[in-house]
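Me: Could you walk me through one spot in this fold and then show me what else is worth a look? I'd like a plain, bench-side tour.

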Amino acid sequence: VSKHICSSEHSNIYYRPKIVLSYEDPYQLELNDETYDYINAADPSDWYSFTPVETGLYDIFTTSDVDTYGQLYSSDLSLLQSNDDSGDDFNFKISAELQAGSTYYIRVRGLSSVAIGFYSIEVENRNETFFENLNVLHNLANSYDDSKGMELLLQFIRSRTESYTTDMWDMVAGELDQDFITYVSVNNSYIFNYFTSTRNIYDQKYGNVDFWHLSATMGGIKHAGGNNALAILAGAQTVRDLSGWAGDLQTLVTDAYRITNASDNYEIFYETVYSIIGDDNYTFSMSDVIADIDAVFFSKNREDGYFDDHLFGTMCANYYKDRSTADAPYYSRCGARFTLFTSGFTYESFANLAYKYTRQHLYINNIDMTEWPLYNSYAENTDSSFDLTSNQSRAAKDAFADWIWYYKASEE
């Protein structure tokens, strides 16, 4: 296709001719290839096609001074998504899981008849862009203080949502370095804005993974509650568990308690817990499960000093491609995550560990030390009595262990 200059105002940018008249004649987009065009009243819609080489999460967006509106269609022209302002400056941004080899169509128009002007459109693979930007953030952290680059990186990502900036998270994962957050904003506004608006990465088998959650969990695994009295009483490993999978398990128990109206029937409570683990409608979604498990592996690499001379984004890129990394082979493959997560456990020992957290109180040497904070908070926030029975606690730990073992078996 020949190209021409559209106007003297944009004389340094070449635009393709206005040949996109309908979905029957779309312009084929290539990954990471910025394409330019013009919206006007006489020709209000532009059509594009995109065929991904690999299945994954993709971001489709425009950059312009125009209020753009985008629609994503399947190969049979069924509307999959539409978006107005999720991108920068009133531009649309569509994020969608696309299947390798399937052709998708994108329609671009102005939101109104007066929305006219030049724009560019681009398609990015979420993981590729995310991990490249993660390396940039890691280098920024190292340039700010190379003695705690990973700590600063994790704090920055954790700070992108209020959910992980509470007093409790400051206790579990350490107080945020506000000066570094400002440093990122001043020195690289693109990176600052990217991680503020981009939360999930993509796992080929399980879909979205909440990287904000993963980063907060890694911070908790490292800091382990610091000098907090309860953290010292419970022990560092207990706090590490609670900052990730064990804390989410406890919130899942409160979900089941509410759903079953506090049923003391073992079978009912078991089936409820089992059915809502990994369900996005409840507190322990699959995105959180995967984030919690992966945080454990990445933290082991961190503990071993792996990130002293390796960038976090590069390791993640290999991990989510299920590629072994020569100098960190044990913790580098997402395809074996459930097997590795349960390494060193028998089914019984893992279920017993889960039981520690599904009981309402922390026991040390069979002595009731205190009520778990998450259970106490649930009772306070719902203004209700909360009294877990032995049947409920046993049902929850059995359901969780069975669920984990099911996914472990799927990897064999």
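What is the relative accessible area of Gly-235, and how would you class this residue on that basis?

Reply: Keep in mind that this is a predicted model. Gly-235 has a relative accessible area of 22%, so it counts as partly exposed; the cut-off for buried is under 20%. As for where to find Gly-235, look in the loop that joins α7 (229-234) to α8 (236-242). If you want a second glycine as a landmark, take Gly-225: the two are 10 residues apart in sequence, and their C-alpha atoms are 9.1 Å apart in space.

For a residue that does fall in the buried class, try Arg-160. Arg-160 also sits in a loop, this one between α2 (149-158) and α3 (167-173). Despite being buried, Arg-160 has no salt bridge, and the nearest side chain of opposite charge, that of Glu-162, is 11 Å away. What the Arg-160 side chain does have is a polar contact with the side chain of Ser-159, at 2.9 Å. Another polar contact runs from the Arg-160 side chain to that of Thr-196, also listed at 2.9 Å. Setting aside neighbours within four places in sequence, the residues in contact with Arg-160 are Ile-181, Phe-192, Phe-195, Thr-196 and Trp-212.

Now for a helix. In α10 (residues 266-276), the buried residues are Phe-269, Tyr-270, Thr-272, Val-273 and Ile-276. These residues share one side of α10, because they cover an arc of only 165° around the axis. That fits a general rule: an α-helix has 3.6 residues a turn, so residues three or four places apart point the same way. The cover over the buried residues of α10 includes α9 (245-259) and α16 (390-409). Check the ends of α10 too. Asn-265 caps the N-terminal end, with a side-chain oxygen 3.0 Å from the backbone nitrogen of Glu-267. Following α10 comes Gly-278, which has a positive phi, near 80°.

Last stop, the nonpolar cores. The largest nonpolar core has 91 residues, and Phe-298 and Phe-312 touch the most other members. Leaving out residues up to four places away in sequence, Phe-312 touches a list of residues that includes Leu-134, Met-150, Leu-153, Phe-211, Met-218, Phe-298 and Phe-307. Asn-135 and His-138 are also among the residues Phe-312 touches. There is a second, separate core of 20 residues as well, with Tyr-27, Ile-39, Tyr-119 and Val-123 among them.

Methods:
Residues numbered from 1 in each chain as written. Predicted model: local features only at pLDDT ≥ 70, side-chain atom pairs only at ≥ 80, totals over all residues. Heavy atoms only, no water. Helix = DSSP H or I, 4+ residues; strand = E, 2+ residues; numbered from the N terminus. Buried < 20%, exposed > 50% of the residue type's maximum accessible area, 1.4 Å probe, protein only. Lys, Arg positive; Asp, Glu negative; His and termini not counted. Salt bridge = Lys/Arg side-chain N within 4 Å of Asp/Glu carboxyl O. Polar contact = N/O pair within 3.5 Å; in protein donor to acceptor, adjacent residues only side chain to side chain. Contact = heavy atoms within 4.5 Å. Arc of directions from axis to C-beta. Core = buried A, V, L, I, M, F, W, Y, C linked by side-chain atoms within 4.5 Å.
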